[in-house]
Amino acid sequence: METAAERFWRGLLEWYHRNKRDFPWRRTTNPFHILTAEILLQQTNVRKVQEVYERLIGRYPTPQQMAEADLSELESIIGPLGLRYRAVRLKKCAEVICREFGGQVPNTYEQLRLLPGVGPYIADAVLCYAFGLATVPIDTNVVRLFCRYFGLRSEKSRPRNDPALAESIRRLFIFDGFDGTRTANLAVLDFAGTVCTAGRPGCGQCPISSGCAFLRGAAPADGVSPGGGGPEENSRGREGR
Ligand code: SF4
C-alpha cells in the first residue's frame with residue numbers, strides 16, 4: 001500500500017511534468033551562475049530577477065570578472081531589484097572565491113558557508129542544482145507546503161529556522177521516480193510558489209488535496225504549533241527559483 005509520502009510525491013511529479021516553470025538559472029549547472037541567481041533571488045520576486053540575472057551573467061560570467069567589477073556599474077545593474085547591498089555581496093563573494101578557492105565555486109557545504117551572504121539555503125541549493133548532490137534546500141515555501149500537507153509542526157516562531165522540522169522534511173523526500181534531486185526540489189518550489197501559496201492556497205484545484213492535512217483541518221497554515229509563537233513572516237518573499 002502506498003505511503004503518505006509516496007502518494008504526495010506521485011501527485012507532485014504528475015503535476016510538475018505538466019506545469020514546471022522555466023528560468024534561465026534552471027538551464028545551467030554552472031556553479032557561479034547558480035550562486036549568482038540564488039543571491040539575487042533572496043527576498044525578491046522570481047519574475048523580477050530574470051532580466052537582471054541575464055544582464056549580470058552576460059557582463060560578469062566568471063568569479064574573476066565579478067571580483068574585478070566596478071561596484072557602481074554592478075549596483076546600476078542590480079538597481080531595478082532594490083536591495084543594492086547585493087551588489088557588494090556578489091562582489092565580495094567573487095573575491096573570496098578567487099582568493100580562497102582558486103576561482104572555482106567550492107563544492108562542499110562547509111566551504112560554501114564561508115562565502116559572504118551564503119546561508120544554509122543557498123549552500124544546499126548550489127550543491128543540488130550545480131553539483132547534483134542530494135541536498136534539500138529548505139525555505140519558507142518548502143516549510144509551508146510540508147507543514148500543510150503532512151501536518152508537521154514547529155514549536156519555533158520561525159519554522160524555517162527549526163532544525164528538527166528541517167530534518168522531518170528531509171526524511172519525507174523521496175527521490176525515486178525523479179530524474180535526480182534537482183527535479184524533486186524544483187517540483188516542490190514550483191508547487192509551493194504557484195498552488196500552495198502563502199496567502200491563498202489553491203486547494204480547490206489542488207491535485208494532491210485528498211491527502212492534505214491542512215484541508216482536513218489537521219494542520220495550521222504556517223506550521224506553527226499553538227503556543228509556538230506568532231506566524232512566520234514570509235521573510236524571503238519569493239515564489240520559487
Ligand atoms: S490542498 Fe491546499 S493546503 Fe493542501 S497541499 Fe493543496 S493547495 Fe496546499
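This briefing describes the helices, cores and ligand surroundings of one protein. The model is predicted. The protein has 11 helices and 0 strands, and 39% of its 241 residues count as buried. Among contacts between residues at least 6 apart in sequence, 67% join residues at least 24 apart.

**Nonpolar cores**

- The largest nonpolar core comprises 33 residues, and Ile-34, Leu-40, Leu-90 and Val-126 have the most contacts inside it.
- At least two residues of this core come from each of α2 (31–41), α3 (46–59), α5 (71–78), α6 (85–100) and α8 (120–129).
- Leaving aside residues up to four places away in sequence, Val-126 touches Pro-31, Ile-34, Leu-35, Glu-38, Val-105 and Leu-112.
- A second, separate core has 28 residues, including Val-136, Leu-152, Ala-166 and Ile-208.
- In soluble globular proteins, nonpolar side chains tend to be buried together.

**Helix α1**

- Helix α1 covers residues 4–19, and at 1.5 Å a residue its 16 residues should span 22 Å; the end C-alpha atoms are 22 Å apart, which agrees with that expectation.
- Phe-8, Trp-9, Leu-12 and Tyr-16 are the buried residues of α1.
- These buried residues cover an arc of only 90 degrees around the axis, and therefore lie on the same side of α1.
- The face turned away from the buried side of α1 carries the exposed residues His-17 and Arg-18.
- The cover over the buried residues of α1 includes α9 (140–150) and α11 (181–194).
- Ala-4, also in helix α1, counts as partly exposed because it has 13 C-beta neighbours inside 10 Å.
- Ala-4 touches Phe-150 and Gly-211, not counting residues up to four places away in sequence.
- Although Ala-4 and Phe-150 are 146 residues apart in sequence, their C-alpha atoms are 8.1 Å apart in space.

**Helix α2**

- In α2, 11 of the 11 residues are buried, so this helix is largely enclosed by the rest of the structure.
- The buried residues of α2 include the nonpolar-core members Ile-34 and Leu-40, and also His-33, Thr-36 and Glu-38.
- Packing against the buried residues of α2 are α3, α4 (63–67), α6 and α8.
- After α2 comes Gln-43, which has a positive phi near 55 degrees.

**Helix α6**

- The 16 residues of α6 reach 22 Å from the first C-alpha to the last, close to the 22 Å expected at 1.5 Å a residue.
- Arg-86, Ala-87, Leu-90, Lys-91, Cys-93, Ala-94 and Ile-97 are buried in α6.
- Because these buried residues cover an arc of only 155 degrees around the axis, they are on the same side of α6.
- Tyr-85, Arg-99 and Glu-100 are exposed on the other side of α6.
- The buried residues of α6 pack against α2, α4 and α5.
- Gly-102 follows α6 and has a positive phi, near 60 degrees.

**Ligand surroundings**

- The ligand has 13 residues around it, of which Cys-196, Cys-203, Cys-206, Ser-209 and Cys-212 come nearest.
- The shell around the ligand divides into 10 nonpolar residues, 2 polar and 1 charged.

How values were computed
Residues are numbered from 1 along each chain as its sequence is written. This is a predicted model: local features need pLDDT of at least 70, side-chain atom pairs count only at pLDDT 80 or more; totals for chains, interfaces and linings use all residues. A nonpolar core is a set of buried Ala, Val, Leu, Ile, Met, Phe, Trp, Tyr and Cys residues joined through C-beta atoms within 7 Å. A residue is buried if 20 or more other C-beta atoms lie within 10 Å of its own, exposed if 12 or fewer, and partly exposed in between; C-beta atoms are placed from the backbone. Helices (H or I, at least four residues) and strands (E, at least two) are DSSP runs, numbered from the N terminus. Two residues are in contact if their C-beta atoms, placed from the backbone, lie within 7 Å. A residue is near a molecule or strand if its C-beta atom, placed from the backbone, lies within 6 Å of it. Ala, Val, Leu, Ile, Met, Phe, Trp, Tyr, Cys and Pro count as nonpolar, Asp, Glu, Lys and Arg as charged, and the others, Gly among them, as polar. The expected span of a helix is 1.5 Å times one less than its number of residues. The arc is that of the directions from the helix axis to the C-beta atoms.
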